[in-house]
Amino acid sequence: MTDHQKTQVDVSDEDIHWDFDKAMSYGRYLGLDQLLDSQSPLTKEHDEMLFIIIHQVSELWMKLMLHEVEGASAHIARDEVGPALKMFARVSRVQEQLIKAWDVLATMTPSDYLAFRDDLGQSSGFQSYQYRSLEYRLGNKNAAMAKVHRHNPRAFEMVSKALESPSIWDETLAFLARKGYAIPADRLDRDWRQSYKPSEEVEATWRLIYEDSDTHWEAYELGEKLVDLEHKFQQWRFNHMKTVERIIGYRRGTGGTSGVAYLVKALDLHFFPELWMVRTAL
C-alpha cells in the first residue's frame, strides 16, 4: 500500500505510554477537566459559548501578562534590565493574541449577541479584576475603579495590592535615578495610589537618552520596550471599542458605563507619558 493510501498512523513501533493511573498526564497537569467544565452558558443560544470562551481565554492571557509584568518590575528594581526586556517582549506577543481575539468575537452579529445579552444581567468586562490590576501595574492609578471589586475579597486584595505598589513606570524612573539620571525627588517618593503626573524634568532626561542612544543604550532599549507595550495596549483598547461598536452600537454597557463612549475615553490615557512627549521634543 502506498503512503497516500494509508488511513491511519502506524504506532506499533512507538514506545507510547498508555497507562496514567499513577502517572502525570497531559490533562491532569493542565487541569483540563476543570478548565473545560468552566463554560456554563445561561441560554441555549449558539453564540454564547463563543462569548464565554473569548473572555475566559483573555483572562488567561492577562494572568500571564500580570505574571510577566510583576516579574519585570522586580528585575528592574534589582537593576536587572536584561531579563525585564525579555519579559516585556513576551508581554507584547501576548498582547498580539488579545488583539486578534477581537477579530474572532467580531464574527458575532448584533442579533446573535442580543439574543442572550439580557441574561448577562450587570456582569461586564469592567469588573475584570485582572484587567484592573494590570492597568494599575502599568500606571493607570484610578483608585475609584477598585470599588467595584469590594464584594469579592480575593479580587479586592489583588487590585488593592496593585494600586498600592509602584507601577512599572515608577520602577523605571527609580532605576534611572540609581543610574545617575536626573529624576525629580517628588517622582521617586510619592503616594503610589495616586495617578502619575508628567514631568518636564523626566521628559528632559528621556530626551538626553534618545538623542544619544548609543551612550545610553540600556535606558533607551528599556524605553522602547515600554513604548511597544503601551502601543499594543492601545491597539487592544481600540479593537475592543470598535468590536463593541460593531456589535451593540452606542447602547450602554451591561456594567453601567456609557459603552463605546466610555471606551473612547480610555484611548487618551498614557501609562508612560514622557516617552510619548519626548517624540515631539526631539
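Trainee: Which residues does Trp206 touch, leaving out those up to four places away in sequence?

Mentor: Not counting those neighbours, Trp206 touches Trp169, Thr172, Leu173, Leu176, Ala219, Gly223, Glu274, Leu275 and Val278. Contact means heavy atoms within 4.5 Å. Keep in mind that this is a predicted model, where local features need pLDDT of at least 70 and side-chain atom pairs count only at pLDDT 80 or more, while totals for chains, interfaces and linings use all residues. Residues are numbered from 1 along each chain as its sequence is written, and side-chain values use heavy atoms, with hydrogens and water left out.

Trainee: Okay! And which residues touch the most other members of the largest nonpolar core?

Mentor: Trp206 is one of them, along with Phe88, Leu138, Trp169 and Leu176, in a core of 56 residues. A nonpolar core is a set of buried Ala, Val, Leu, Ile, Met, Phe, Trp, Tyr and Cys residues joined through side-chain atoms within 4.5 Å. Buried means under 20% relative accessible area, exposed over 50%, and partly exposed in between (1.4 Å probe, protein chains only).

Trainee: Which elements give two or more residues to this core?

Mentor: They are α3 (48–77), α4 (81–105), α6 (129–138), α8 (168–178), α9 (200–211), α10, α11 (260–266) and α12. The biggest share comes from α4, with twelve residues. There is also a second, separate core of six residues, including Tyr136 and Met145. Helices (H or I, at least four residues) and strands (E, at least two) are DSSP runs, numbered from the N terminus.

Trainee: How do α10 and α12 pack?

Mentor: Helix α10 (residues 217–248) and helix α12 (residues 273–281) pack at about 105 degrees, with axes 10 Å apart, so α10 and α12 are roughly perpendicular to each other. Angles under 35 degrees count as roughly parallel, over 145 as roughly antiparallel, 65 to 115 as roughly perpendicular and the rest as oblique. Axes are lines fitted to C-alpha atoms, for helices over the stretch in contact, and angles run from 0 to 180 degrees between N-to-C directions. Where they meet, Leu275, Trp276 and Arg279 in α12 face residues of α10, among them Gly223 and Leu226.

Trainee: What about α6 and α7, at what angle do they pack?

Mentor: The angle of α6 with α7 is about 10 degrees, and their axes are 8 Å apart. That makes α6 roughly parallel to α7. Tyr129, Arg132 and Tyr136 are among the α6 residues that meet α7, where Ala155 and Val159 are among the partners.

Trainee: Where does His149 lie, and is His149 buried or exposed?

Mentor: His149 sits in the loop between α6 and α7 (153–164). His149 counts as buried, at 1% relative accessibility. Beyond four places in sequence, its contacts include Tyr129, Arg132, Ala155 and Val159.

Trainee: Switching to α3, which residues does Met62 touch further along the sequence?

Mentor: Met62, found in helix α3, touches Ser128, Gln130 and Tyr131, not counting residues up to four places away. Met62 is buried, with a relative accessible area of 6%. Met62 and Gln95 are 33 residues apart in sequence and 8.8 Å apart in space, C-alpha to C-alpha.

Trainee: And what phi does Asp79 take, just after α3?

Mentor: Asp79 takes a positive phi of about 65 degrees. Most residues other than glycine have a negative phi. Asp79 is in the loop between α3 and α4 and is partly exposed, with a relative accessible area of 30%.
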